[in-house]
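Trainee: Got a minute to go through this one with me? I'd like to start with a helix.

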Amino acid sequence: MSVVTLKGIKDGFAAVIDDSCDFEDAIAQLKNMIVEQTIGTEEDDVIQFTVRTGNRLLNEEQTKRVEDIFSKYPQIELLKIESNVILKTESDELIEENKVNIETGIVRSGQKREYTGDLIFLGTLHEGAQISTNGSIYLIGNVHGVVQAGFPDNTDAAIIGNLNGAAQYRIADVVEIVTEDNSDKFQNYKFAHIDDLHTISVEDLKNFKEVINESRKRTE
């Protein structure tokens, strides 16, 4: 009975392992399958393989054994090992990174509040205070301090809503200090994002979806 199925995919081939089978049986069949693919010379194009394990999550030792099989054949390259499941620790990290925080309090001068995920800020940010997160920030309250989205390197993040009043905006590693010369563009119903020149641009909120989608395409 075959427990490893070979399929052609966009990036080469996929070896799909039946997640209900014995792992030793899968390893044996995978070896045979790889041997059959090595017919040819070293001048032939390298064949890329993705190994798909379904609902089976390989441990470190099992991953090493799969990698060892491919490492013996120069015409075969293991592109990646895919699974439908992830570790609980990875799942917890994803939930943490994608959660939405709601802040309604007062952040006073000298205080810095840090968050993980997106932030809806309904409170008051005093001059000399700072709010920071790795996601996007939705400003509905009054801000007079430093607003930092996408910390430290999320260039897809944005600062949206009531942009009136802040002393400084930061997205990822880009800093925009609000001065008399540029304060006019930071208004309500606007959003700030990193443009293709890697500077902070401010645009009408009605264009948000289109601009962000284009920005994310550039960074994919």
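Trainee: Which residues of H2 are exposed?
Mentor: Glu-60, Glu-61 and Ser-71 are exposed, on the other side of H2 from its buried residues. Exposed means over 50% relative accessible area, buried means under 20%, and partly exposed is in between, using a 1.4 Å probe and protein chains only.

Trainee: Before we go on, what kind of model is this?
Mentor: It is a predicted model: local features need pLDDT of at least 70, side-chain atom pairs count only at pLDDT 80 or more, and totals for chains, interfaces and linings use all residues. Residues are numbered from 1 along each chain as its sequence is written, and side-chain values use heavy atoms, leaving out hydrogens and water.

Trainee: And the "H" names?
Mentor: Helices (H or I, at least four residues) and strands (E, at least two) are DSSP runs, numbered from the N terminus.

Trainee: Back to H2. Which of its residues are buried?
Mentor: Gln-62, Val-66, Ile-69 and Phe-70. Seen down the axis of H2, the buried residues fall within an arc of 95 degrees, so they line one face. The arc is that of the directions from the helix axis to the C-beta atoms.

Trainee: Why would residues a few places apart point the same way?
Mentor: An α-helix has 3.6 residues a turn, so residues three or four places apart point the same way.

Trainee: What covers that buried side of H2?
Mentor: The cover includes helix H1 (23–37), strand S3 (47–52) and strand S4 (76–82). Contact here means heavy atoms within 4.5 Å.

Trainee: What span should H2 have?
Mentor: H2 has 12 residues, 60–71, so at 1.5 Å a residue the expected span is 16 Å. Its end C-alpha atoms are 16 Å apart, which agrees. The expected span is 1.5 Å times one less than the number of residues.

Trainee: Which residue caps the N-terminal end of H2?
Mentor: Asn-59 does, with a side-chain oxygen 3.1 Å from the backbone nitrogen of Glu-61. The rule for a polar contact is a pair of N or O atoms within 3.5 Å; within protein, one must be able to donate a hydrogen and the other to accept it, and residues adjacent in sequence count only if both atoms are side-chain atoms.

Trainee: Now H1. Which of its residues are buried?
Mentor: Phe-23, Ala-26, Ile-27, Leu-30, Met-33, Ile-34 and Gln-37. They cover an arc of only 130 degrees around the axis, which puts them on the same side of H1.

Trainee: What do they pack against?
Mentor: Strand S1 (4–9), strand S2 (12–17), S3, H2 and S4. At the N-terminal end, Asp-22 caps H1, and a side-chain oxygen of Asp-22 lies 2.9 Å from the backbone nitrogen of Glu-24.

Trainee: New topic: loops. Is Gly-145 buried or exposed?
Mentor: Gly-145 has 1% relative accessibility, so it counts as buried. Gly-145 lies in the loop between strand S12 (142–143) and strand S13 (146–149). Leu-125 is 20 residues away in sequence, but 5.8 Å away in space, C-alpha to C-alpha.

Trainee: And Asp-181, buried or exposed?
Mentor: Exposed, because its relative accessibility is 78%. Asp-181 sits in the loop between strand S16 (174–177) and strand S17 (190–194).

Trainee: What about Glu-176, where is it found?
Mentor: Glu-176 is in strand S16. Its relative accessible area is 15%, so Glu-176 is buried. Its side chain makes a polar contact of 3.0 Å with the side chain of Asn-182.

Trainee: Which peptide bond is cis?
Mentor: The one from Phe-151 to Pro-152 is cis, with omega near 5 degrees. Pro-152 is in the loop between S13 and strand S14 (159–161).

Trainee: What is phi at Ala-172?
Mentor: Near 55 degrees, which is positive in a residue other than glycine. Ala-172 is buried, at 7% relative accessible area. His-198 also has a positive phi, of about 60 degrees, and is not a glycine.

Trainee: Last one: what volume does the largest pocket have?
Mentor: About 290 Å³. Of its 13 lining residues, the closest to the centre are Glu-97, Asn-98, Asp-118, Gly-135 and Asn-154. Helix H3 (88–98) and H4 are the elements that give two or more residues to the lining.

Trainee: How is a pocket defined?
Mentor: On a 1 Å grid over the protein atoms alone, a pocket is an open set of points where a 1.4 Å probe fits, with protein on both sides within 12 Å along at least five of seven lines; lining residues have an atom within 4 Å of a point. Grid points are joined across faces, edges and corners, and the volume is the space filled by probe spheres set on the points.
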